[in-house]
Amino acid sequence: MTYTPVRPDALLPPVRVNLYSDTQTRPSPEMKAAMVAAELGDEQHGDDPTVHTLCDRMAALLGKQAAVFLPSGTMCNQIAILTHCRPGDEIIAHETAHIVNNEGGGPAALTGASVLGLKGPRGQFDADTLRAAFREKRRNSPLQTLVEVEQTANHGGGSVWPLARLNAVLDAAHAHGMATHMDGARLMNAVVAAGIPAAEMVAGCDSVWVDFTKGLGAPLGAVLCGSADFIDTAWRWKQRLGGSMRQAGICAAACLYALDHNVDRLADDHVNARALARGLAQIPGITVEETETNLVFFDTTGAGLAADELATRLRKQGIMLSTTDRHRARACTHLDVDLAGIETAVQAIRNAIA
Ligand SMILES: *Cc1c(COP(=O)(O)O)cnc(C)c1O
């Protein structure tokens, strides 16, 4: 399950509709103006006021004691794992999780932890499945120290964990003496889709982070939240890994702008994604997965076409999407795609398959 990027090529037409990922958003002129105006300091020194403002806002938003600004979501996951786990520990996550498939083997390479991948529909598992994976504490079994969940579950179709299932899983983890971590790359999509306040949704998570480079539209940055002690240790790892920055407020300002302007509008992305899903469902040979947020996964088997071949044909028409499997493609809506673009893409996909 790796994304196969369609390489930019001078011979290809410019991209008209970019459904490749919500990471492809460009900072708007207003966001850039906020960046230029930001008050700056030395972040590593602890005196960048804009970074402080962002961390305070995120800790309050997620109901945690403290927060740390990091360059990427991957670093949030890896630093959280380094902070929660020791070498030889076992993490439990869904088998399709980003930490399992898309972080270069980070848990093994950096922490020395293994990941036990659970199965379950839509990138989720329930408390019974989790409990069935618990080991008796024996000298010859790994210590199970961390349960990780993804909200929304990316490879689960951008699915939203229902609060009751999420809390049952997190409670079961705690009852087994394990810590809980949420990969909230698209947490705000889940919050907007479910209409549940962020702090309530993550109340059972010992650590949680939000990515600003996905649907929130900032050029870089993610904020990891947890207890004051957790963030204290996370800072040490940030320093060790070279994640400490200098005038990082220039980027934190983009994140603050995103919090003010780009959260509620995620609902528009969800409306556009559903419109895309409806359009795709009418194309013979295409099977569309349930669409809950801004990710639209579909299968091309019935069209007798590999997903990569479809992506290649579309790219020649200036349309980009990603593929996650031989016949599974992902189209992602975000603030740089509108309804007209969706219609263009549906028509192009129809033509590419015909
Ligand atoms: C994108 C993503 C990440 C990694 O975030 P980066 O900021 O790209 O490092 C982690 N988890 C999920 C579910 C993601 O979609």
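## Ligand site

In this predicted model, an oxygen atom of the ligand sits 2.8 Å from an N or O atom in the side chain of Lys 214. Taken alone, the ligand exposes 380 Å², and the protein buries 86% of that. Asp 211 also reaches the ligand: an N or O atom of its side chain is 2.7 Å from a ligand oxygen atom. Asn 154 places a polar side-chain atom 3.2 Å from an oxygen atom of the ligand.

The shell around the ligand holds 15 residues. The closest are Gly 73, Thr 74, Asp 183, Asp 211 and Lys 214. By class, the shell divides into 2 nonpolar, 7 polar and 6 charged residues. Helix H3 (73-84) and strand S7 (207-211) each supply at least two of the shell residues. H3 gives the most, with 3 residues.

## Ser 207 in strand S7

Strand S7 also contains Ser 207. Is Ser 207 buried or exposed? Ser 207 is buried, and its relative accessible area is 0%. Leaving aside residues up to four places away in sequence, Ser 207 touches Ala 80, His 84, Thr 180, His 181, Met 182, Leu 224, Cys 225 and Phe 230.

One of these neighbours, His 181, makes a polar contact with Ser 207: the two side chains are joined at 2.8 Å. Ala 185 is 22 residues from Ser 207 along the chain, and the C-alpha atoms of the two are separated by 13 Å.

## Helix H8 and its packing

Helix H8 covers residues 187-194. Its buried residues are Leu 187, Met 188, Asn 189, Ala 190 and Val 191. Which elements do the buried residues of H8 pack against? Their partners are helix H2 (49-62), strand S6 (179-184), helix H9 (198-201), strand S7 and helix H12 (266-281). S7 thus appears in two settings: S7 supplies residues to the ligand shell, and S7 packs with H8.

Gly 195 follows H8. The phi of Gly 195 is positive, near 65°.

## The four-stranded sheet

An open sheet of 4 strands runs in the order S9-S10-S13-S12, with antiparallel pairing. Strand S9 (287-288) and S12 stand at the edges with a single partner strand each, so one side of each has no neighbour in the sheet.

Strand S10 (residues 295-299) and S13 run antiparallel and are joined by 5 bridges. Here Asp 299 has Arg 328 of S13 as its bridge partner. Strand S12 (residues 322-323) pairs with S13 over 2 bridges, again in the antiparallel sense. S12 and S13 make a hairpin, with 4 residues between them. Across this pairing, Thr 323 stands opposite Ala 329, and Ser 322 stands opposite Arg 330.

## Strand S13 under cover

How many of the residues of S13 are buried? The strand spans residues 328-332, and 5 of its 5 residues are buried. Both faces are covered. One side carries Arg 328, Arg 330 and Cys 332, and the other carries Ala 329 and Ala 331.

Several of these buried residues return in the strand pairing. Arg 328 is buried and is the bridge partner of Asp 299. Arg 330, on the side with Arg 328 and Cys 332, faces Ser 322. Ala 329, on the other side with Ala 331, faces Thr 323.

Definitions and conventions. Residues numbered from 1 in each chain as written. Predicted model: local features only at pLDDT ≥ 70, side-chain atom pairs only at ≥ 80, totals over all residues. Heavy atoms only, no water. Buried < 20%, exposed > 50% of the residue type's maximum accessible area, 1.4 Å probe, protein only. Pairing = 2+ DSSP bridges. Near = heavy atom within 4 Å. Polar contact = N/O pair within 3.5 Å; in protein donor to acceptor, adjacent residues only side chain to side chain. Areas by Shrake-Rupley, 256 points an atom, 1.4 Å probe, with all protein chains shown as cover. Nonpolar A, V, L, I, M, F, W, Y, C, P; charged D, E, K, R; others polar. Contact = heavy atoms within 4.5 Å.
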